[in-house]
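Work through the exercises below with the sequence and the structure at hand. Try each task before reading its solution.

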Amino acid sequence: MSYSSPSPASSPSSSGRLRERAGALTARRLGTTARVAGLLVVALLTIGPVLWTVSTSLRSPAESFDLPPKILPTGGTLAAYRQVFDQLDVWLLALNSALVTGLIAIGQMITAGLGGYAFARLDFRFKRPLFGLVLATMMVPVQVTIVPVFLILKGMGLTDTLLALIVPAVPTAFGTFLMRQYFLTMPKELGEAAMIDGAGPWRVFRSVYAPLATPGLAIVGVLAFNYHWNEFFRPLILETSNQNFTMPLGLVSLQGNLGTGSISVVLAGVVLSMIPAVAVFVVGQRPLREGITSSGLKG
């Protein structure tokens, strides 16, 4: 009589391992499903208002007041966009906004790069207290400083000019902090090797560190452009002439007297104002992502 030993597949230990693997696989699938569902909800909450804005801008003025509101317009029309161009000088508003935000973005990239490099790599007296003072300015809202800024600009004769929006916004505390953290992640040996070859501090910054800091500077530029393109408060205070209005300030007139304007026309103007900001974000998305992933919070 011969006895055959149980096969490994039918052994209790092997069956237990198979059940553990099946359970782990099921748990991973459930976790993946939960993450995808969560991302879909967040994406819907983020993109939903934008899609609703675009949908409403394609409605007729009468249809925009329907209750309950419809998700999609019954008959898409571009009449609201034509009314925006009829009521506003859209090209002048876009030119003013592009000039202001473009110069601010370039100026902040320059000042943030120089300031961040100085606080990260140069040694000078009172460096830490000065850096703390720079960070402290981030806690002061613009509404608190708008009156003294207005008085200074008035004394300089810059009120009701585009320079009134550009000059005060060029220094950036957040950009300086961001670039300081970015430069701290770079090895000191690069600058030391350049100094051994006879390069001075300016040459080290311009030829060694600045090219490596391009992703970080892209973050500063993209964030500055998107923020100041949508800025409303400072232009409202500092600009009084229609020829100096920026896009957000000009769109207010679409609301009409006491808000009697067409919702479709107002949202059509909003859609037009979003296009440049979205285009800048799409173009700068890659350096923005690289800058965020490669920068650190080294103290």
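## Exercises on a predicted model

Of the 299 residues in the protein, 35% count as buried. The model is predicted.

**Exercise 1.** Find how many helices and how many strands the protein has.

*Solution.* Step 1: go through the elements from the N terminus on; they run α-α-α-α-α-α-α-α-α-α-α-α-α-α. Step 2: the count is 14 helices and zero strands.

**Exercise 2.** Find the salt bridges of the whole structure, and decide whether Arg234 is buried or exposed.

*Solution.* Step 1: a search of the whole structure gives two salt bridges. Step 2: one of them joins the side chains of Asp123 and Lys127, at 3.6 Å from N to O. Step 3: Arg234 pairs with Glu231, and their closest N and O atoms are 2.6 Å apart. Step 4: buried means under 20% relative accessible area, and exposed means over 50%. Arg234 has 7% relative accessibility, so Arg234 counts as buried. Glu231 is buried because its relative accessible area is 10%. Asp123 has a relative accessible area of 73%, so Asp123 is exposed.

**Exercise 3.** Which residues form a nonpolar patch with Val54 on the surface?

*Solution.* Step 1: locate Val54 in helix α1, which covers residues 12-57. Step 2: a patch takes residues with over 30% relative accessible area. Val54 is partly exposed, at 31%. Step 3: the partners of Val54 in the patch are Ile47, Val50 and Leu51. Together the four residues have about 310 Å² of accessible area.

**Exercise 4.** Find what share of the exposed area of the protein carbon and sulfur atoms supply.

*Solution.* The protein exposes about 18300 Å², and carbon and sulfur atoms supply 70% of this area.

Key
Residues numbered from 1 in each chain as written. Predicted model: local features only at pLDDT ≥ 70, side-chain atom pairs only at ≥ 80, totals over all residues. Heavy atoms only, no water. Patch = residues over 30% accessible without salt bridge, like charges linked within 9 Å, V, L, I, M, F, W, Y side chains within 5 Å. Areas by Shrake-Rupley, 256 points an atom, 1.4 Å probe, with all protein chains shown as cover. Helix = DSSP H or I, 4+ residues; strand = E, 2+ residues; numbered from the N terminus. Buried < 20%, exposed > 50% of the residue type's maximum accessible area, 1.4 Å probe, protein only.
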